[in-house]
Amino acid sequence: MGGTAFVLVYHRADAHAAGARARAGAARRRAADIRRAVAPAGAARSGADAAPHAPGARRARVQGRGALGLSGGHVLPRQGKDGKPLACGYLVTATRVVLVDDENALQGLLRRIAREKRWTDGSVGRFLYDFFEQLIARDLHQLEKIEDRIEALEDQVLAHELDDFSAPMTALRKETMAWFRYYSQLDDVACELHENENGFFTDSEQLMFRMFEDRVIRLREESQLLRESCAQLQSLFQAEIDTRQNRIMQILTIVTTIFLPLTLLVGWYGMNFVGMPELTWKYGYPVVVIVSIVTVGISLWVCKKKKFW
């Protein structure tokens, strides 16, 4: 395999040991590991009691760079079977790539690389390009699913079904933010690989990293569009809420306008002064009823003419 070694470890101690061997340049002793890593049957050795070793979400980017190599990690915007975010770490030298996988997140990627026979020259640069390409190969499909969820939620808002909106909207906003942050981190990694300050990669490999960077930028722009769609959907929801409140206030205003003259009559004749002739007039009550009905009718006619509803 051209003298290049690849190691996939699951333990913190294994990661330190593999990194030390990588920096010592003992690539030939791990040549058998790369054959097992790219074999269709599996990727590499694993331990039963895996220890958490991946960085947090806000630290998932290129973390170290020096004469010996590049190191860093990623928290993927996907979840494992236990509901926790998938994470992985890596160390890159001139002759070796060490991957730290706590959650079995990379097994499928390595099997696909082996199945599609992408890695044929055994170089570190080609492996990294194939690895990161497989990492984002199905992301566009995931983003399309998020877009479908946003459109379904938008149809729900336009149908005035606003009761079950907040929870899925919050989940979508967090998810789109996670994807955008993830692509920003990948863009940082692609820039580091493309710059090749350590001199690990050939010109053709740098060109591949440039292509990978362009794809990541397009995916990041797509995730940014999804974030903007979420913001617009939130604005649409707020507009529907405001419209509903305006309808309620309109109804209350109409009712108040109709019954305000009747309130005046009640207050006027409720004073019970002795000198009020209507209180002792035998037709006083029927006249007040007729006046009230006429007043309500006039109020309704005015509201209809003014197009209050």
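A crossing of two helices is called left-handed if the near helix is turned anticlockwise from the far one by less than a right angle. Keep that in mind for the first exercise. The model used throughout is a predicted one.

**Exercise 1. Helix H4 and its partners**

Work out how H4 is oriented relative to H7 and relative to H6.

*Solution.*

Step 1. Two packed helices are described by the angle between their axes and the distance between the axes.

Step 2. Take H4 (residues 124–136) with H7 (residues 203–269): the angle is about 15 degrees and the axes are 10 Å apart. Because angles under 35 degrees count as roughly parallel, H4 is roughly parallel to H7. Their crossing is left-handed, in the sense defined at the top.

Step 3. Now take H4 with H6. Here the angle is about 165 degrees, and the axes lie 13 Å apart. H4 is therefore roughly antiparallel to H6, since angles over 145 degrees count that way. The crossing of H4 and H6 is also left-handed.

**Exercise 2. Place the helices in the whole chain**

Find how many helices and strands the protein has, and the order in which they follow one another.

*Solution.*

Step 1. Counting the elements gives eight helices and five strands.

Step 2. Reading from the N terminus, the order is β-α-α-β-β-β-β-α-α-α-α-α-α.

Step 3. For the overall burial, look at the 309 residues of the protein: buried residues make up 38% of them.

**Exercise 3. Salt bridges between separate elements**

Identify what arginine 78 and arginine 149 each pair with, and how accessible each partner is.

*Solution.*

Step 1. Side chains of opposite charge can pair when their charged atoms come close. The cut-off needed here is a side-chain nitrogen of Lys or Arg within 4 Å of a carboxyl oxygen of Asp or Glu. With this rule the count is seven salt bridges.

Step 2. Arginine 78 pairs with aspartate 139, and their closest N and O atoms are 2.3 Å apart. This pair links distant parts of the chain, with arginine 78 in strand E3 (residues 70–79) and aspartate 139 in helix H5 (residues 139–158), 61 residues apart.

Step 3. Compare the two accessibilities. Arginine 78 has 24% relative accessibility and counts as partly exposed, whereas aspartate 139, at 0%, is buried.

Step 4. Arginine 149 forms a salt bridge with glutamate 175, where the closest N and O atoms are 2.8 Å apart. Arginine 149 sits in helix H5 and glutamate 175 in helix H6 (residues 166–195), so the pair ties together parts 26 residues apart in sequence.

Step 5. Arginine 149 is partly exposed at 37% relative accessibility, and glutamate 175 is partly exposed at 26%.

**Exercise 4. A salt bridge inside one helix**

Explain the spacing of aspartate 214 and arginine 210 in helix H7, then find the network they belong to.

*Solution.*

Step 1. The closest N and O atoms of aspartate 214 and arginine 210 are 3.7 Å apart, which is within the 4 Å limit for a salt bridge.

Step 2. The two residues are four apart in helix H7, so about one helical turn separates them.

Step 3. Aspartate 214 is partly exposed, with 28% relative accessibility. Arginine 210 is partly exposed too, at 36%.

Step 4. Widen the view: Arg210, Glu213 and Asp214 are linked in a network of salt bridges.

**Exercise 5. Positive phi in two loops**

Locate histidine 160 and asparagine 196, and decide whether each is buried, partly exposed or exposed.

*Solution.*

Step 1. Most residues other than glycine have a negative phi. That is the background for this pair.

Step 2. Histidine 160 has a positive phi, near 65 degrees, and is found in the loop between H5 and H6. Its relative accessible area is 44%, so histidine 160 is partly exposed.

Step 3. Asparagine 196 has a positive phi near 55 degrees and lies in the loop between H6 and H7. With a relative accessible area of 12%, asparagine 196 is buried, because buried means under 20%.

**Exercise 6. A nonpolar patch**

Find which residues make the nonpolar surface patch of about 490 Å², and describe isoleucine 290.

*Solution.*

Step 1. The patch is made by Ile290, Val294, Ile298, Trp301 and Val302.

Step 2. Isoleucine 290 lies in helix H8 (residues 284–305).

Step 3. Its relative accessible area is 52%, so isoleucine 290 is exposed; the cut-off for exposed is over 50%.

Technical notes. Residues are numbered from 1 along each chain as its sequence is written. This is a predicted model: local features need pLDDT of at least 70, side-chain atom pairs count only at pLDDT 80 or more; totals for chains, interfaces and linings use all residues. Side-chain values use heavy atoms; hydrogens and water are left out. Patches are made of residues with over 30% relative accessible area and no salt bridge: like charges are joined within 9 Å, nonpolar side chains (Val, Leu, Ile, Met, Phe, Trp, Tyr) within 5 Å. Accessible areas come from the Shrake-Rupley method with a 1.4 Å probe; for residues, only the protein chains shown count as cover. Buried means under 20% relative accessible area, exposed over 50%, partly exposed in between (1.4 Å probe, protein chains only). Axes are lines fitted to C-alpha atoms, for helices over the stretch in contact, and angles run from 0 to 180 degrees between N-to-C directions. Angles under 35 degrees count as roughly parallel, over 145 as roughly antiparallel, 65 to 115 as roughly perpendicular and the rest as oblique.
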